[in-house]
Amino acid sequence: MHKTSDMEAICLNSGPVFDDCEEYEDGEDCSVVEHDNEIHEKDSKKESPQPTIGLEFGSFDEAYDFYNMYGKEQGFGIRVSNSWFRSKRKERYRAKLSCSNAGFKKKSGANHPRPETRTGCPAMLVIKLVDSKRWRIVEVELQHNHTVSPEIRRFYKSHKKMILASKKQQELTPVTEVHTIKLYRTGIDAAYNGSQEVEETESRLPVDTSKHLELKEGDAHALYNYFCRMKLTNPNFFYLMDLDDEGCLRNVFWADARSRAAFNSFSDAVAIDTTSLRNKYEIPIISFGGLNNHGQPVLLGCGFLGHDSVDCFTWMLKSWQTCMLGRHPQVILTDQSKPLQIAISKVFPQVCHCYCLSYIVQRVPEKLGGLKGYESIKMQLYNAVYNSLKITEFESSWGQMISQHGLKDNKWLLSLYEDREKWVPVYLKDISFMGIMPIKENESLDSFFDGYVHKHTSFKEFVDKYDLALQRKYQKEAMADMESRSSSFELKTKCKFERQLSRIFTKEIFKKFQKEVEEMYSCFNTRQVHINGPIMTFVVKERVESEGSEKEIRQFEVLYETTQVEVRCICSLFSFKGYLCRHALNVLNYNGVEDIPSQYILPRWYKDYKRKIPVDSVISHVDVNNPMELYNHLHKHVMRVVEEGAQSEEHYMAVLQELEALLNRFSLVDNNLVSL
């Protein structure tokens, strides 16, 4: 950013510069204004946003037009009352826009001076050029010392200029809902990755200009007002808007402070939910979600996608990456979308991208429901996907289904088979999914906004429900934190494995592990079948439910390495869920291992995981001259304090006391500096 010298910062207009002429006239211009009112009758029903600190504009003229339109709706005129220029380049970099009643007229020496009509009104806004390209509101005063009303028949000069300009543009560029955001939007949050600033224009990608969000009456204002409110009340709120050359809104991305903080803890495996696109919802909401240490869905960002295309998906992913300071997950789960697959390979080439099994299974009735023998096809498909322990088993079962029902030309099944290494569990055993991948027939990956969004939810309605959805999710998470820390879990066996993890795991994750301990007793005949140096192979038999109430005996191979005490079962539950299966526990027990090895106790499931997770940057790597970097670094630490303080009344009071003490220390330091 260009730094101005002391000389360049001198204001050439040291005081307010007022015009001697009146700012409004009566009578002769009435017909012009009335004609304008007819032209804009439809648009007059839409109120311009209220001026607030932080609003940004693409040019000085856009800022002037914004305040002028606001003044017209409120019932006052405006003028440029002060300007600051850089003397070397004669470039305006700061300006004050005031109510036309600001200040007072210069005294006239005429025998019959015109009467004073100004009142010294304080209403104004100050705009400043930032990054040498955007104008930001830095000061605002909304209160007038005189009556303002759009019903008063006064026609101000600034409004008449607007009328003449709009008449020329009326036929070419009618004011519509999608144009509103181009004129009036808050500044895009500049994200920093290290010391590198990410500019707004860098996140823009060429997109088909014919594809944009289909906004209805009031939708654009609802989105804009929400973003403005969040940006002012939540400084770490982040959003990006993608506009085409005509000002039409194509894509939107945003993430609040909680989502950005959650990314630090729970971004190892992420699901990108595009249910609304797949099912043709009215709002094309796309969300980034993970699982917290209770196994609950947690939001890591979301947005509106203008079109199901590679370009739009790429813009959305880059926006998410920018928001999260260039970091990325290890695993991304999506539906079977080719445009999204291509976009992920471009933006996150190092990430393991898989298709979510439950998304695919949900489409089985739609894709195969009309086929002859559908129930048999579905049963064989599920058997191949859910019950295959080896790749050869899957290939055999799938081939039998295709052959038996004559499905070799079914395009959907053919595409699934070609992509089998991306979604069939038997091919994914070496990937750590942290519980986010469903691997059983009765499991599914729920949308974060389930119960809040349906097919006909509008943009405006979604914005109203968004905060409610987040609040309820956060309440559930807080309750789970409290229950996990304050409760002692009921033990159902005498196995030391159960007691060991009851002390450290959250309640919900422990309950899932506890079931594995209980089911150890459905396993039998654990025996060693092979040995190769320190590696031993065991077979564990288990009675598992099959069709109806019958049970069949299945054999599970388990490898056990004696020197490092490593264990791996063919079912790979640890890779999928993050805790050991009943078969591996049986082998450890068989070999006299009384405690689960530390490598199989993931800190991710700890009760106090959010307290223990290290913040990724240290103060020595932070640019102390960069306020944004300091803010982001402090915010990561403070969010941990907030999370801890919300756990109980005692924690809450302790945090308040410490914060008050810290603020008092700051006040003392500031006072000492002043006295010096």
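How many of the 676 residues in the chain are buried, as a percentage? Buried residues make up 50% of the chain. The model shown here is predicted.

**Figure 1. The whole chain holds 22 helices and 21 strands.** Its 676 residues include 50% that are buried. Take the contacts in the chain with a separation of 6 or more. Of these, 65% are made by residues 24 or more positions apart. The close-up views below pick out some of the helices and strands.

**Figure 2. Helix 12 packs against helix 13.** Helix 12 covers residues 374-387. Two packed helices are described by the angle between their axes and the distance between the axes. For helix 12 and helix 13, the angle is about 170° and the axes are 8 Å apart. An angle over 145 degrees counts as roughly antiparallel, so helix 12 is roughly antiparallel to helix 13. On the helix 12 side, the residues in contact are Ser-376, Ile-377, Gln-380, Leu-381, Asn-383, Ala-384, Val-385 and Asn-387. They meet Glu-393, Phe-394, Ser-397, Trp-398, Gln-400, Met-401, Gln-404 and His-405 in helix 13. By class, this contact has 7 nonpolar, 8 polar and 1 charged residues.

**Figure 3. Helix 13 also packs against helix 14.** Helix 13 spans residues 391-405, and helix 14 spans residues 411-418. The angle between them is about 170°, and their axes lie 13 Å apart. That angle makes helix 13 roughly antiparallel to helix 14. Helix 13 brings Phe-394, Glu-395, Trp-398 and Ile-402 to the contact. Helix 14 brings Leu-413, Leu-416 and Tyr-417. The residues here divide into 6 nonpolar, no polar and 1 charged. Look for Phe-394 and Trp-398 of helix 13: they meet residues of helix 14, and they also meet residues of helix 12.

**Figure 4. Four strands form an open sheet.** Strands of a sheet pair through backbone hydrogen bonds, either parallel or antiparallel. Which strand order does this open sheet have? The order is 18-19-20-21, and the pairing is antiparallel. Strand 18 and strand 21 are the edge strands, and each pairs on one side only. From one strand to the next, the twist averages 25°. Strand 19 and strand 20 pair over 11 bridges, in the antiparallel sense. Thr-537 stands opposite Leu-559 in strand 20.

**Figure 5. Helix 19 is largely enclosed by the rest of the structure.** Why is helix 19 described as largely enclosed? Because 7 of its 9 residues are buried. The helix covers residues 582-590. Its buried residues are Arg-582, His-583, Ala-584, Leu-585, Asn-586, Val-587 and Leu-588. The cover over these buried residues includes helix 16 (496-502) and helix 17 (507-518). It also includes strand 18 (523-532), strand 19 (535-545), strand 20 (551-561) and strand 21 (566-569). Those four strands are the ones in the open sheet of Figure 4. Just after helix 19, Gly-592 takes a positive phi of about 75°.

**Figure 6. Asn-264 sits in helix 6.** This helix runs over residues 257-266. Is Asn-264 buried, partly exposed or exposed? Asn-264 has a relative accessible area of 27%, so it is partly exposed. Its side chain joins that of Arg-327 through a polar contact of 2.4 Å. Now find Lys-610, which is 346 residues from Asn-264 along the chain. The C-alpha atoms of Asn-264 and Lys-610 are separated by 9.2 Å.

Terms used:
Residues are numbered from 1 along each chain as its sequence is written. This is a predicted model: local features need pLDDT of at least 70, side-chain atom pairs count only at pLDDT 80 or more; totals for chains, interfaces and linings use all residues. Side-chain values use heavy atoms; hydrogens and water are left out. Helices (H or I, at least four residues) and strands (E, at least two) are DSSP runs, numbered from the N terminus. Buried means under 20% relative accessible area, exposed over 50%, partly exposed in between (1.4 Å probe, protein chains only). A polar contact is a pair of N or O atoms within 3.5 Å; within protein, one must be able to donate a hydrogen and the other to accept it, and residues adjacent in sequence count only if both atoms are side-chain atoms. Contact means heavy atoms within 4.5 Å. Axes are lines fitted to C-alpha atoms, for helices over the stretch in contact, and angles run from 0 to 180 degrees between N-to-C directions. Angles under 35 degrees count as roughly parallel, over 145 as roughly antiparallel, 65 to 115 as roughly perpendicular and the rest as oblique. Ala, Val, Leu, Ile, Met, Phe, Trp, Tyr, Cys and Pro count as nonpolar, Asp, Glu, Lys and Arg as charged, and the others, Gly among them, as polar. Two strands pair if DSSP finds at least two bridges between them.
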